[in-house]
Amino acid sequence: MKKKAGEIAEKVLSAEEVQIISHIDADGITSASIAYRALERAGEAVEVEFIKQLDEAKIEEIRDGDHGLLWFTDLGSGQINSLKGLDCVITDHHEPVNREEKLGIKERENILNYSTSEILKLNPHHHGINGAKELSGSGTTYLVAKQMDRKNKDLSKLAVLGAVGDLQASEGGRLIGKNREILQDGVEEGVVEKRTDASLYGIESRPIPKVLEYASDPILPGLSGQESACVNFLVENDIQLKENGRWNRWYLLSKEEKRKILSGLAKRMLNQGFPVRNVKRLIGEIYEFPEEERGTMLHQAKEFSTLLNSCGRYGEGKIGLKVCLGDRDEYLKKAKDLLEGHQKILVDCLDYVESIGVEERDHFQFFHGQDRIPDTVVGTVAGMVLSSGDVDKKLPIVAFARSDERDGIKVSSRGTKQLVDKGLDLSVIMDECSKEVGGEGGGHDVAAGAFIPHGKEEEFLEEVGDMIDSQLDW
Ligand code: C5P
Ligand code: ZN
């Protein structure tokens, strides 16, 4: 990987002008920020564009446009065949689309023997590294930045942020593999700190009762979604909720207080018959940025990345970019406003799914968000529904939403680690089944998306069911 990263570094450094084209989520925003800062430090002219999906229409537009060297970050692997002839490099972690490369992933010994186009690309899948768990788009981009100049080691902070935003630390509660090496760079540079604490969202910036009330991973029985129950639980455990009229925060609690709450939560979960696996998810490694102000969303990777994701969801990747590059004023405020709006929208979407119900099919479960769920959040909603505890986690979930921009249906699919261990690969399913009906798709084994034409929904779902059936050992 180092050699390949070095080749890409050389190519971008020798270009006069670089256009970064990146994916519009937290990982894509941090990828673009890393590439931007590294190029800026090298004195190069840089432009950045964020896109939801690199589809054929977009590629045509790029071909027709006037640009310098193109640097695709956190996307491009699935479209490599269509990019032929363009002066570009790719740093991405999505699954490569070419069949021989895909075989390479499954049969790891063949990985280094793949052969494809002449485009310079860095992708963990080509090196026996799992792109869904061990290295993100921002991490891949960081490896190139580090080869551009060792001074860019401080950008490891953004790579950690991107990996957390792509949920690469959520499964085992910590960053693993190549991500861990990048984390180590951040610790050495003094820009990242790691420690073990509650893995619940909001321990930095939310009032403690809200941390419990909004907990969705894991679900806290009798507390998630129930404000007064959360307050009572904390009072029973002698936790001071306010100090001098200000809400107390988790990070200000003593070790003893945290221990009391966590063991109380664990007891509740076990009493309700939740598996130990879920209880273990209460605690994880958390990543903090000492340069940022304590008690703000920017201080902790989980909250910061959520802020970036909400910029992306609403087409405002550039706001996220500005915040990553250091704006703590106008753009930070705009980002916070977007997050607040996003959280309201998510609540409405979850209410909508509850009202229509999730339909169980033979090998998966399904809901159609129609035009009530924006296509930019349907994936998040599908993931939340699957981890909500209200549906069967043994079945992958597939969700639709009408696309607001393009005429067609946006598809999102989500699985679990257990399903992937059994052979589920949603990336292949979304890619192949969407092609069958004239659409396009791809992604990761555990989370993938697609876009299909109107009227092809049922045909597509049938293909999906058959393919899940053949992948899983039922
Ligand atoms: O859109 P959604 O959130 O469901 O996508 C899940 C994952 O699949 C994301 O990482 C996204 O970038 C990827 N994806 C892809 N190609 C598509 C659609 C989604 O690589 N056509
Ligand atoms: Zn990514």
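1. A word on naming before we start: helices and strands here are DSSP runs, numbered from the N terminus, with at least four residues for a helix and at least two for a strand. With that in hand, D66 is easy to place, in the loop between α3 (56-64) and β3 (69-73). Please keep in mind throughout that this is a predicted model.

2. Let's stay with D66 for a moment. Is D66 buried or exposed? Exposed means over 50% relative accessible area, and D66 has 80% relative accessibility, so it counts as exposed. If you would like a sense of scale, D66 and M148 are 82 residues apart in sequence, and their C-alpha atoms are 25 Å apart in space.

3. Next, have a look at ligand 1. It is surrounded by 14 residues, the closest being H23, Q53, K410, S412 and R414. Sorted by class, this shell has nine polar, three nonpolar and two charged residues. Strands β13 (409-414), β14 (440-443) and β15 (447-452) each supply at least two residues of the shell, and β15 gives the most, with four residues.

4. Which side chains offer polar atoms to the oxygen atoms of ligand 1? For S412, an N or O atom of the side chain is 2.5 Å from a ligand oxygen. A polar side-chain atom of K410 lies 2.8 Å from an oxygen atom of the ligand, and for the side chain of H94 the distance is 3.1 Å. Taken alone, ligand 1 exposes 460 Å², and the protein buries 82% of that.

5. S412 deserves a second visit. This residue sits in strand β13, and it counts as buried because its relative accessibility is 4%, where the cut-off is under 20%. Its side chain also makes a polar contact of 3.3 Å with the side chain of K410. Setting aside neighbours within four places in sequence, S412 is in contact with V378, G379, I397, V398, A399, A448 and G449.

6. Now to helix α10 (residues 255-271). Does its length fit its residue count, and why? At 1.5 Å a residue, the 17 residues should span 24 Å, and the end C-alpha atoms are 24 Å apart, which agrees. The buried residues in α10 are K258, I261, L262, G264, L265, A266 and M269. They pack against two strands and three helices by name: β6 (193-198), β9 (283-288), α8 (208-213), α9 (227-236) and α11 (276-280). Just after the helix, G273 takes a positive phi of about 80°.

7. Leading into α10 is a loop that starts from β8 (246-247), and N248 is found in this loop. N248 counts as buried, because its relative accessibility is 8%. Its side chain reaches the backbone oxygen of Q240 at 2.9 Å. Beyond residues up to four places away in sequence, N248 touches R206, P207, I208, Q240, L241, K242 and L253.

8. Finally, helix α17 (residues 426-436). Eight of its 11 residues are buried, so the helix is largely enclosed by the rest of the structure. The buried ones are L426, S427, V428, I429, M430, D431, C433 and S434. At the start of α17, a side-chain oxygen of D425 reaches to within 3.1 Å of the backbone nitrogen of S427. Just after the helix, G438 takes a positive phi of about 85°.

Key
Residues are numbered from 1 along each chain as its sequence is written. Chains are lettered from A and ligands numbered from 1 in the order in which they are written. This is a predicted model: local features need pLDDT of at least 70, side-chain atom pairs count only at pLDDT 80 or more; totals for chains, interfaces and linings use all residues. Side-chain values use heavy atoms; hydrogens and water are left out. The expected span of a helix is 1.5 Å times one less than its number of residues. Buried means under 20% relative accessible area, exposed over 50%, partly exposed in between (1.4 Å probe, protein chains only). Contact means heavy atoms within 4.5 Å. A residue is near a molecule or strand if one of its heavy atoms lies within 4 Å of it. A polar contact is a pair of N or O atoms within 3.5 Å; within protein, one must be able to donate a hydrogen and the other to accept it, and residues adjacent in sequence count only if both atoms are side-chain atoms. Accessible areas come from the Shrake-Rupley method with a 1.4 Å probe; for residues, only the protein chains shown count as cover. Ala, Val, Leu, Ile, Met, Phe, Trp, Tyr, Cys and Pro count as nonpolar, Asp, Glu, Lys and Arg as charged, and the others, Gly among them, as polar.
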